[in-house]
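Got your viewer open? Here is a short tour, one selection at a time.

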Number of protein chains: 2
Amino acid sequence: MPRTEIHLNPIGIIHTPHTKLDEIPIQPVFCEGIEGEVVLDPQYAEGLEGIEAFSHIYLFFHFHAAKKTSLRTIPYLSDEEMGVFATRSPSRPNKIGLSLVRLIGVENNIIKVSDIDIMNGTPLLDVKPYVQRFDSRESAHSGWQDQISEESVKARSKRNFRK
Amino acid sequence: MPRTEIHLNPIGIIHTPHTKLDEIPIQPVFCEGIEGEVVLDPQYAEGLEGIEAFSHIYLFFHFHAAKKTSLRTIPYLSDEEMGVFATRSPSRPNKIGLSLVRLIGVENNIIKVSDIDIMNGTPLLDVKPYVQRFDSRESAHSGWQDQISEESVKARSKRNFRK
């Protein structure tokens, strides 16, 4: 099937204390208190007006360090192989990452955030506000994720991270 | 600042009953019961294994019909102009859309979904599972969104949509 290729230009860079891929916890909820800076290219600073009043924002980024693409993968929280679209693994066909982080403050073109699980130097693609009434589904169930005990999640989620 | 351009190839097409841009409600939560089909190119079908057990999934797509880019915008729920990154408007620099939809079922390379707010024929970029413990923030506050009354949200959110 012919498809039009889509070209994106990063709008900034994400700075974090995470410099080794295998030492990054798997999700922002396991990165409480870890701070980072989202530095937009100055020409985009105007687009941030109003964002400082949100407590949480989505960062869309490029998994630039992920070289591999694989349609089947074993996620960190499981021992079973499954389809990559049933996981949050970076080894997906289009390497778009999504992190929901806590906003601390905005200064010109820089957003200070906390609870960040992103590799240092990651290219930023987009920022969107988190809105509880649009973005939460209280009744959701989560397939294989629901079968993992809280102990197992705690033990596996931080990977090799050391504070 | 020099940047590496990122090239993405759509992995499928999203089919919905929405054929006119100005008749699409602004978020999936206002599209209850509206069904659609996410048709992946057959070579990606293997990546869907396990996703059928999730009740909700994120669709990442290209706002292909959005021609305009503007760093300031007036969102549908407000009368005030603000930075585009404080809104979910399509007129953002990188036209990546995110919708959280309800999964009905999977058949080979086709995902049947409900509560869909996406234009018919939209290129699909990625699918990720929604996991309540990663993706919800109960204590969140939402800036200008919190100042809009429920009546106003109800009146504005459906735009020109007619069932």
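Which residue in strand 1 of chain B does A:Ile6 stand opposite? Select A:Ile6 and look across to chain B: the partner is B:Leu8. Before moving on, some ground rules: this is a predicted model, local features need pLDDT of at least 70, side-chain atom pairs count only at pLDDT 80 or more, and totals for chains, interfaces and linings use all residues. Residues are numbered from 1 along each chain as its sequence is written, and chains are lettered from A and ligands numbered from 1 in the order in which they are written.

**Stop 1: across the interface**

Stay with that pair and widen the selection to strand 1 of both chains. Strand 1 of chain A pairs with strand 1 (residues 6-8) of chain B, antiparallel, over three bridges. Strands here are DSSP runs of E with at least two residues, helices are runs of H or I with at least four, and both are numbered from the N terminus. Two strands pair if DSSP finds at least two bridges between them.

Now select the whole contact, which takes 58 residues from chain A and 58 residues from chain B. Contact means C-beta atoms, placed from the backbone, within 7 Å. On the side of chain A that touches chain B, the elements giving two or more residues include strand 1 (6-8), strand 7 (96-107) and helix 1 (132-135). Strand 9 of chain A gives the most, with five residues. Colour that side by class and you get 29 nonpolar, 16 polar and 13 charged residues. For the colouring, Ala, Val, Leu, Ile, Met, Phe, Trp, Tyr, Cys and Pro count as nonpolar, Asp, Glu, Lys and Arg as charged, and the others, Gly among them, as polar.

**Stop 2: the symmetry**

Try laying chain A on chain B: a turn of 180° and a shift of 0.0 Å along the axis does it, with an RMSD of 0.0 Å. That is the relation of a two-fold axis. The fit is by least squares on the C-alpha atoms of residues with pLDDT of at least 70 in both copies. Since 100% of the interface residues of chain A are also interface residues in chain B, the copies meet through the same surface.

**Stop 3: the barrel in chain A**

Hide chain B. Chain A has two helices and nine strands, and its elements run β-β-β-β-β-β-β-β-β-α-α from the N terminus on. Six of the strands close into a barrel in the order 2-3-8-7-4-9, with antiparallel pairing.

Pick out one seam: strand 4 (residues 56-62) and strand 9 (residues 122-129) of chain A run antiparallel and are joined by five bridges. A:Ile57 is opposite A:Pro129 there.

Zoom out, and the C-alpha trace of chain A spans about 45 × 45 × 35 Å along its principal axes. Buried residues make up 44% of the 163 residues in chain A; buried means 20 or more other C-beta atoms within 10 Å of the residue's own, exposed means 12 or fewer, partly exposed is in between, and C-beta atoms are placed from the backbone.

**Stop 4: out in the open**

Select helix 2 (residues 150-157) of chain A. None of its eight residues is buried, so this helix lies largely in the open. After helix 2 comes A:Arg159, with a positive phi near 55°.

Finally, bring back chain B and click B:Thr19, in the loop between strand 2 (12-15) and strand 3 (35-40) of chain B. B:Thr19 counts as exposed because it has 10 C-beta neighbours inside 10 Å. Its C-alpha is 9.2 Å from that of B:Ile118, 99 residues apart along the chain.

Key
Contact = placed C-beta atoms within 7 Å.
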